[in-house]
Amino acid sequence: YGRGEETVAQLVRRAEHAGLDFLAITDRNTMAAIYDPAYRSDKLVLIPAMECGNDAMGYSLIYGPRTLPDPPGGIPAAQAECIRVQAQGGIFAIAHPCLSSAPWLWGLSFVNAIQVWHSGWRTPPPLRLHQLNDDLLERQDGRLIYSIAAAAARADLAPTSANAQAAHFYDLELGRGLMACAVGGSNAAGPGTPLGAPVTYVFARDKSLPALLEGLRLGRTYISADLKGPELHFAADVLADGKTDIGIGGVVPLNVDVQFIVGVKRAAGKKLQVLEDGRPIRTVPIVRDNVVVQFLRHSTRAAAFRVRVIDTPRNPRAGFGDIDVLAMSSPIYAQEITQELLWRNPNLDVDKTWIRIESDTTPEMMLPEDAP
């Protein structure tokens, strides 16, 4: 019911054949698909959704609203709509923020997710600074102060794709206190574009709509290039007992030794990269199809850790940028749970994301004898 070339029945059937667990049909500014008689499946969880916005200001992705979102108006109205969606138990995401034809200019707070990857990683052309309004080019101490402008500026420094810019935009927003997950979408408007390329994985308690929305809200996601792409597991041992205490989307305390554990499958010959606040702090060759990598951090300030699988592009001329990303996770955060943090992140569920350290002393790290 938007710009798609398939009926709802054809799209649902194609998603079932692809082996997906869930599907969100995000027609632009309409949710008519959910009223179609073919909007049903015994195999898929269908997530009521829509793409909302316009080319002038950019688009959001809204998942699981209980009422039809209002058409986009001014920024205050858009922020109110974001909060209303979340109050209803839904998810409000920023869609492809650095898409050159419709960059994200709404500047909203409290979003649940950012679509950092749509279509092929190196496929979409970059956003350029000259495509932004002058008011977004404001600088402080010589630095661009708006995340969208700083992301666009990367194209002036080196070849890059809109997805790589979106990941940088994401890291900048995380650095400013946002706690939101990363999502990807195939942008499949017709049968010529495969579904689940990229594919978003959600760690959820079961295969149901409420569980998937909760998994998104808690930030428990990672993205892979397709259904055959790398599989990621990212966790942390905070209590020094050789067990994982926190997974993707969780929060570890400051001033404590934390052992991070990364598991990667189906990525032999590629490289695993660990990022802290968007900066690579470790790059490890992946020597077999099922590996575990551990690293120790003792954070004294707020930080966001995420991991990704990278490779050298097979055809450097077919796309933008000199790195191909095959998978990437949402962060694990190092934070102190304060009233200010809760005010800035009204969706943070402390009981489900935070490990409390009861002792005033920092325990020594104990690892399993067979730990690599």
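These are my notebook entries on the salt bridges of this structure, which is a predicted model.

**Entry 1: the overall search.** I started by asking how many salt bridges the whole structure holds. The search came back with 16.

**Entry 2: Glu6 and Arg14.** I looked up this pair next and found their side chains joined in a salt bridge, at 2.9 Å from N to O. Are the two partners buried or exposed? Both Glu6 and Arg14 turn out to be buried.

**Entry 3: Arg28 and Glu51.** Here I found another salt bridge, with N to O at 2.8 Å. Arg28 sits in the loop between strand 1 (22-24) and strand 2 (45-47), while Glu51 belongs to strand 3 (residues 49-54), so this contact ties together parts that are 23 residues apart in sequence. I also checked accessibility. Arg28 has 24% relative accessibility and counts as partly exposed. Glu51 has 9%, and because buried means under 20%, Glu51 counts as buried.

**Entry 4: Arg28 again, with Asp55.** Which other side chain does Arg28 meet in a salt bridge? I found Asp55, at 3.8 Å from N to O. This pair also links distant parts of the chain: Asp55 lies in the loop between strand 3 and strand 4 (58-63), 27 residues apart from Arg28. Asp55 is partly exposed, with 43% relative accessibility.

**Entry 5: a network.** Last, I looked for salt bridges that share partners. Among the residues they join are Arg205 and Asp206, and the one network also takes in Glu214 and Lys352.

Terms used
Residues numbered from 1 in each chain as written. Predicted model: local features only at pLDDT ≥ 70, side-chain atom pairs only at ≥ 80, totals over all residues. Heavy atoms only, no water. Salt bridge = Lys/Arg side-chain N within 4 Å of Asp/Glu carboxyl O. Buried < 20%, exposed > 50% of the residue type's maximum accessible area, 1.4 Å probe, protein only. Helix = DSSP H or I, 4+ residues; strand = E, 2+ residues; numbered from the N terminus.
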